[in-house]
Structure formats: structure tokens, C-alpha cells
Amino acid sequence: MHKQIMENEENKKIAELLFPDIHETLEDLEAAYPPRNLPEGATVTRFAPSPTGFLHIGTIANALIAERVAHTSQGIFILRIEDTDKKREIKGGIDEIIHNIESFNISPDEGVMSEEVQKGAYGPYLQSQRLKIYAIAAKYLVSQGLAYPCFCTDEDLKEIRNVQISQKVKPGYYGQFAKHRDISLIQIQQEFSQGKPFAIRIKSDAKVNEKIQFKDMVKGSLTMAANDVDFVLLKSDGYATYHFAHPIDDHFMHITHILRADEWLPSTPLHLQIFRYFGWNAPYYAHVSPVLKMDGLSKRKLSKRKDPEAGVKYYTQEGYSSESVITYLLNLANSNFEDWRRTHPDLPYSDFPFRIEKINNSGALFDLRKMQDISKQVMAQMSSQQMYDMYLTWAEKYDPEFAELIKKQKEYTLQIFSIEKDQQARRKDIYAWNQMHEYIGCFYDELFEKLPFNKQLFPEFLSGEEIKDIINAYLQVIDLKKPSDQWFNDLKAIAAKFNIAPDTKTFKESPAGTYKGYVGDIASILRVAITKRKNTPDLYEIMKVMGIERVVKRLQETKDLL
RNA sequence: GGCCCUAUCGUCUAAUGGUUUAGGACAUUGGAUUCUCAUUCCAACAAUCCGGGUUCGAAUCCCGGUAGGGUCACCA
């Protein structure tokens with residue numbers, strides 16, 4: 001009993017020696033960050049990326065999930081930046097993260113809003129600015145004998161590891177291998193006098209073969225070995241490790257649900273240990289599997305180095321609309337989203353009742369084809385104005401010349417976007433903005449002139465002279481004010497003059513040689529003449545949008561090329 | 001290697017011990033419609049990893065195998 005009291009005294013002295021400038025206590029922190037006043041059932045989630053300069057599509061998926069979980073429960077979604085690894089940090093990384101999640105409509109209610117601005121009463125939200133909080137927490141653990149300073153150098157740790165390898169035991173700083181575990185005040189003072197740097201390690205209380213149980217909202221009930229490693233809490237540079245920052249930040253920010261990547265699952269016992277040491281309630285955990293890719297015969301995570309589609313940049317550059325990416329990711333996370341979308345085509349995705357429990361508990365292969373299909377559907381649903389706005393935003397960055405052109409001819413462009421767009425949807429021709437230039441380029445005279453003219457596109461059974469005659473014949477009757485069926489009758493009439501069948505059926509059912517072709521060939525000639533392309537949307541609508549002057553001009557010019 | 005997780009058409013998945021001839025979507029193939037193409041519509045193809053057990057009954061529960069994934073840092 002007497003010994004216990006002496007130890008307690010010694011621990012307090014060690015804490016003072018290690019953290020002489022820290023005078024605040026855990027109670028002060030609790031008072032500074034009181035419980036949130038939220039409606040029953042509201043969840044508080046966070047997205048906590050590191051500013052390493054590369055945003056993975058899976059990271060966006062997790063951000064989206066966290067945002068949906070918070071906002072479908074009237075809760076709060078926080079952006080916290082985990083910038084505790086100074087070596088990997090990249091300049092401008094924070095702004096890039098913010099810019100990216102915003103472009104996917106993922107808006108934090110609280111946290112880091114820009115490099116300079118933070119919002120909310122539970123900050124700071126930049127881990128590099130929370131060092132004092134970590135120190136207060138670490139000092140508490142040391143004073144309780146639950147953590148201790150470790151003066152090991154990299155070489156010391158390497159040596160421990162080598163011994164463990166030769167003895168064929170588990171590597172790590174634990175038990176008998178944790179050489180500073182029972183370091184005394186006097187020893188610490190000695191190390192201190194030599195100016196040695198130190199890290200703070202947890203003093204694990206795990207018993208041999210001890211198991212812990214916890215429930216994960218995605219993976220279900222889990223039994224894992226209790227952590228027996230004296231892992232690092234505070235690095236020698238004063239920054240917290242993830243393992244320490246996570247419980248502390250999420251406790252004082254009153255996060256209710258931890259949504260994070262699957263790879264954290266094995267370290268959850270460490271985090272639970274910390275919550276227990278502080279006597280705090282642990283939050284709910286939900287570990288989300290990563291997006292995978294086939295590599296030869298095995299699956300692996302989408303790789304930053306090998307797979308362009310791993311980066312968010314890929315989608316923004318190619319011009320997948322944010323709605324398309326969100327739809328795909330939501331679909332991957334809650335597979336019933338697809339059905340919901342079909343039955344509620346007009347509702348915003350935010351109305352979808354997202355459920356953590358529905359998240360799949362194993363990784364899915366990324367399917368670009370599926371994504372493209374979704375993207376086509378999303379684009380087909382857009383109004384012409386929406387399409388114009390979104391495309392212009394993209395083009396201004398990635399195709400500035402064309403952006404100028406469509407800005408100058410906004411009304412014309414809107415009309416082009418409305419071709420074959422009835423009440424419900426438009427044609428599903430393209431899935432990304434980078435296909436748009438080629439798709440609609442021929443409408444603009446400036447670009448049309450530059451397009452190569454290819455005689456081969458005309459029906460090969462007609463001579464240049466015959467094609468000229470057909471164009472002339474059409475020029476005589478051209479009238480775009482007629483309804484489309486009458487317009488088409490004109491084409492049939494021309495067909496008749498040139499010994500061409502009025503429809504496919506007649507052509508096919510007549511004996512060989514009766515007709516040279518069918519009315520589609522007439523349309524084809526006009527199509528090629530005014531677009532220089534073989535495949536286009538509805539010819540009649542194209543002509544109407546282009547206007548009679550432009551159509552006549554292009555038909556005239558085509559004759560000169562034959 | 002230790003610990004953990006996972007296993008249904010090629011891909012994403014549904015089926016919560018009996019509603020099942022295992023459903024849908026993407027992809028693929030064929031057909032119908034259309035002035036081309038794209039659509040749209042119809043159809044076809046196609047799966048419960050293997051072996052045991054529990055049960056009247058198993059994709060579903062249990063055990064073992066196999067395969068894949070994750071993780072074992074003063075990175076996050």
C-alpha cells in the first residue's frame with residue numbers, strides 16, 4: 001500500500017518533469033468542449049484526411065459516406081486535417097482537399113474551411129494546432145502511470161527488432177522488450193541531462209492471450225487480441241501519432257460515429273484501450289472496405305502509382321460530372337441506392353435514406369463501365385441549362401478555346417443541348433465532358449471549317465455528280481418550318497426521283513437491282529454534308545437548330561468539294 | 001509467419017432457415033423499332049469456392065479446407 005503511494009508520487013513527478021509547461025488538466029478540456037446540443041439520434045461524423053497531395057477516390061467515397069451519415073440524421077459533419085506527419089505533408093494540400101470535396105458537394109458544417117479559416121467551437125481542427133491538447137492528455141496518462149517516456153533511438157528499436165526476429169517472436173515494443181517501460185524518475189533525469197529526445201508510449205495492461213470484443217457497424221461483432229504493444233502516443237517532435245490523436249480528437253469533438261477505412265480495423269484495440277484508460281465512452285465504429293482493382297489474377301487496392309483512375313483528378317479531368325461519381329460511389333456503398341434512384345428519378349440523392357449497416361463488408365472491384373453507364377444516365381437527365389453550366393465550368397479549365405466559343409454562342413449551345421431532349425431524358429451518347437468537343441464541334445462554323453472532309457462517308461454506289469444532284473434537289477424544296485413527317489416526305493420524294501426506295505422494307509423486299517438504295521441514303525448525304533459525320537442525332541432537329549442559312553451554306557459548299 | 005476480415009453470374013449485388021426454377025443492374029450476344037448512330041423495348045447467356053455437419057428443409061447456422069484481402073512504424 002505504501003509502495004503504491006510512492007509510485008503515484010513518482011509518476012506525478014515524472015509527468016511534471018516531462019511536461020513542465022502544461023498546467024491545464026483533462027477537466028479543463030472537458031469544460032472547454034462540452035457535450036453538443038443535438039436532437040435525439042443525430043450523428044456527428046468527421047472526414048480526417050492527411051494533406052499528402054493525392055486524393056484517392058476511396059477517400060472521397062469515405063468522405064461522402066461520413067457526410068451522408070451525418071446529414072441524414074440532422075447531425076454534424078466535420079472536416080479535420082491530420083497534418084501530424086511533417087515529412088509527407090505537401091504545400092497546398094489542404095486547399096486541394098477542400099476544393100475537391102466541395103466539387104463533389106461534400107460540405108462540412110464545421111472544421112477546416114480553408115488554409116486560413118476554421119469554423120466551429122470544438123477546434124482547432126488542424127491537428128498540428130492541437131499539440132497542447134495532446135500534451136495535456138499525455139501528461140495525465142503519465143501521471144497515472146499509464147504512459148511513460150521512451151528514449152530509444154531508431155537504432156535501439158532496430159536492435160530490438162533483430163533480437164525478436166532471431167528469437168522468432170512477435171516484433172514490437174512490448175513486455176520484456178519494452179526497455180523503458182519501468183524507467184524510474186532518476187533514470188529519466190539522467191537521460192534528460194544528456195538532452196536525449198523522447199517519445200511517450202502507452203503502458204499496455206494487456207494480459208497474456210487477453211481478447212477484447214467490440215461491435216463494428218459494418219463488420220459485425222469482432223473478437224480480437226487485446227493490444228499488448230507499448231505503442232507511441234507522442235512522437236519525439238511533440239506531434240501525436242494517429243493512434244493517440246484519433247481518440248482524443250474524436251472524444252473532445254464529440255464524434256459519435258467513426259467511419260474510416262478498413263485498414264484501421266486491426267488497430268482498433270489500441271484505440272479502445274486509450275478510450276478505456278481515460279474512462280471515456282468509445283464511439284461507434286464502421287470500417288469501410290476499399291475499392292479494388294484486378295491485377296493479373298489477384299485483387300488489390302486501387303493504386304496511386306499504377307492506376308490513373310485511383311485519383312480524384314482523373315474524374316475531374318476526364319469530365320465525369322460530380323453527380324455521376326457520387327451516384328456510383330453511393331451505389332457501391334449502399335447497393336439499394338440504384339433501385340431507389342430508379343423509383344425516385346427526380347429527388348436529390350440527399351433524400352436517399354443512407355444506412356451504415358448496408359455498407360458492404362468486403363471490397364468491391366471498381367467498374368469503370370458501370371460508372372460510365374451511370375454517368376450517361378445522369379447526363380441524360382440534366383436540363384440544357386444545367387448541362388451548359390456544368391460543361392462550361394469544366395471547359396474553362398480543360399478546353400478554354402471551346403469554352404470561349406460556347407460562351408459567345410450561348411443560346412445556340414443551349415439549343416444544341418436540347419436536341420432530342422424530351423421531357424424525360426436525352427440521348428445517351430456521351431458520359432464525360434471530354435467527349436463533348438468532338439460530339440458537338442461540328443455545330444460551330446469555326447470548328448466545322450477545320451474538320452476534314454471525307455468523300456468516303458457518302459454512300460459508295462452514288463457518283464459525285466449524283467450526290468450533287470441530290471443536294472440540289474433538296475435545296476429546291478428545303479423548308480425547316482415543316483413538321484418532321486412532312487420534312488421526311490420531301491426526302492422520300494427525292495429518293496423516288498433517283499431510283500431509291502422510300503423505306504428499308506421496300507428496299508429489302510424488292511428484287512435485287514430494283515433500287516440503288518433506300519431513303520436513309522438521302523438522309524445520309526445531307527447528314528455528311530452538314531456535319532461531316534456519319535452518325536449524328538436526329539437530322540431534322542439538327543437542321544432546325546443550325547438554321548436554314550447555315551444548312552444551305554454547308555450544302556452549297558459541299559457541292560464544290562465533290 | 002501471427003492476428004483479423006471476406007467468399008452468390010465476367011463485375012456490383014439481392015435473398016435476414018421455407019415466398020427460389022437463386023432476383024436486379026453493368027458487360028456480352030441476339031431480335032424489334034428508327035433517316036444514321038445513340039436510345040427505347042424484348043430475349044438469351046451466366047453464380048451460391050470445396051468437403052463435412054446441424055435441420056423435415058441450408059446461399060443462409062457450425063466445423064475443416066482452399067482462395068483472396070487487410071494489418072503487424074516515433075505513416076496516416
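**Figure 1. Strand β12 and its partner β13.** Strand β12, residues 291–295, runs antiparallel to β13, and four bridges join the two. If you would like one pair to start from, look at Asp295, whose bridge partner in β13 is Ser298. Please keep in mind in every view that this is a predicted model. Stepping back a little, we find an open sheet of three strands in the order β13-β12-β14, with mixed pairing. Which strands stand at the edge here? They are β13 and β14, each of which pairs on one side only.

**Figure 2. The surroundings of RNA strand B.** How many residues surround RNA strand B? There are 59, and the closest are Glu82, Ser298, Ser362, Ala364 and Gly520. Several elements give two or more residues to this surface: strands β8 (220–225), β13 (298–301) and β14 (364–365), together with helices α13 (368–381), α22 (519–531) and α23 (539–546). Ser298 may look familiar from the previous view, where Ser298 of β13 is the bridge partner of Asp295. Sorted by class, the surface near the RNA has 21 nonpolar, 17 polar and 21 charged residues.

**Figure 3. Helix α20 against helix α22.** Helix α22, one of the elements near RNA strand B, also packs against another helix. The axis of α20 (residues 484–497) comes within 9 Å of the axis of α22, and the two cross at roughly 110°. That angle makes α20 roughly perpendicular to α22. From α20, the contact takes Leu491, Lys492, Ile494 and Ala495, while α22 brings Val519, Ile522 and Ala523. By class, six residues of this contact are nonpolar, none is polar and one is charged.

**Figure 4. Helix α19 against helix α22.** Here is another crossing that involves α22. Helix α19 spans residues 464–477; its axis and that of α22 come within 10 Å and cross at roughly 90°. The two helices are therefore roughly perpendicular to each other. What does each helix bring to the contact? Helix α19 brings Ile467, Ile470, Ile471 and Tyr474, and α22 brings Ile522, Ile525, Leu526 and Ala529. The contact divides into eight nonpolar residues, no polar ones and no charged ones. You can find Ile522 of α22 in this contact and in the one with α20.

**Figure 5. The sheet β5-β6-β9.** Three strands make up this open sheet, in the order β5-β6-β9, with antiparallel pairing. Strands β5 (147–150) and β9 (232–234) stand at the edges with a single partner strand each, so one side of each has no neighbour in the sheet. Ignoring direction, neighbouring strands are turned by 45° against each other on average. Four bridges join β5 to β6 (residues 199–202), and the two run antiparallel. Within the sheet, Tyr148 stands opposite Arg201 in β6.

**Figure 6. Helix α5 against helix α8.** Helices α5 (residues 131–143) and α8 (residues 242–252) pack with their axes 11 Å apart, at an angle of about 100°. This makes α5 roughly perpendicular to α8. Which residues make the contact? From α5 they are Ile133, Tyr134 and Ala137, and from α8 they are Phe244, Ala245, Ile248 and Phe252. Seven residues of the contact are nonpolar, with no polar and no charged ones.

**Figure 7. Two backbone details to check.** Most residues other than glycine have a negative phi, and most peptide bonds are trans. Gly123 and Pro124 are joined by a cis peptide bond, with omega at about 0°. Pro124 has its place in the loop between β4 (118–119) and α5. In Gln74, a residue other than glycine, phi is positive, near 60°. The loop that holds Gln74 runs between α3 (57–71) and β2 (76–79).

**Figure 8. The domains of chain A.** Finally, a view to place the details above. Chain A is divided into domain 1, made of 2–25 and 132–288, and domain 2, which covers 452–562. Taken over C-alpha atoms, the centres of the two domains are separated by 79 Å.

Methods: Residues are numbered from 1 along each chain as its sequence is written. Chains are lettered from A and ligands numbered from 1 in the order in which they are written. This is a predicted model: local features need pLDDT of at least 70, side-chain atom pairs count only at pLDDT 80 or more; totals for chains, interfaces and linings use all residues. A residue is near a molecule or strand if its C-beta atom, placed from the backbone, lies within 6 Å of it. Ala, Val, Leu, Ile, Met, Phe, Trp, Tyr, Cys and Pro count as nonpolar, Asp, Glu, Lys and Arg as charged, and the others, Gly among them, as polar. Axes are lines fitted to C-alpha atoms, for helices over the stretch in contact, and angles run from 0 to 180 degrees between N-to-C directions. Angles under 35 degrees count as roughly parallel, over 145 as roughly antiparallel, 65 to 115 as roughly perpendicular and the rest as oblique. Two residues are in contact if their C-beta atoms, placed from the backbone, lie within 7 Å. Domain bounds come from an automatic or database domain assignment. Two strands pair if DSSP finds at least two bridges between them.
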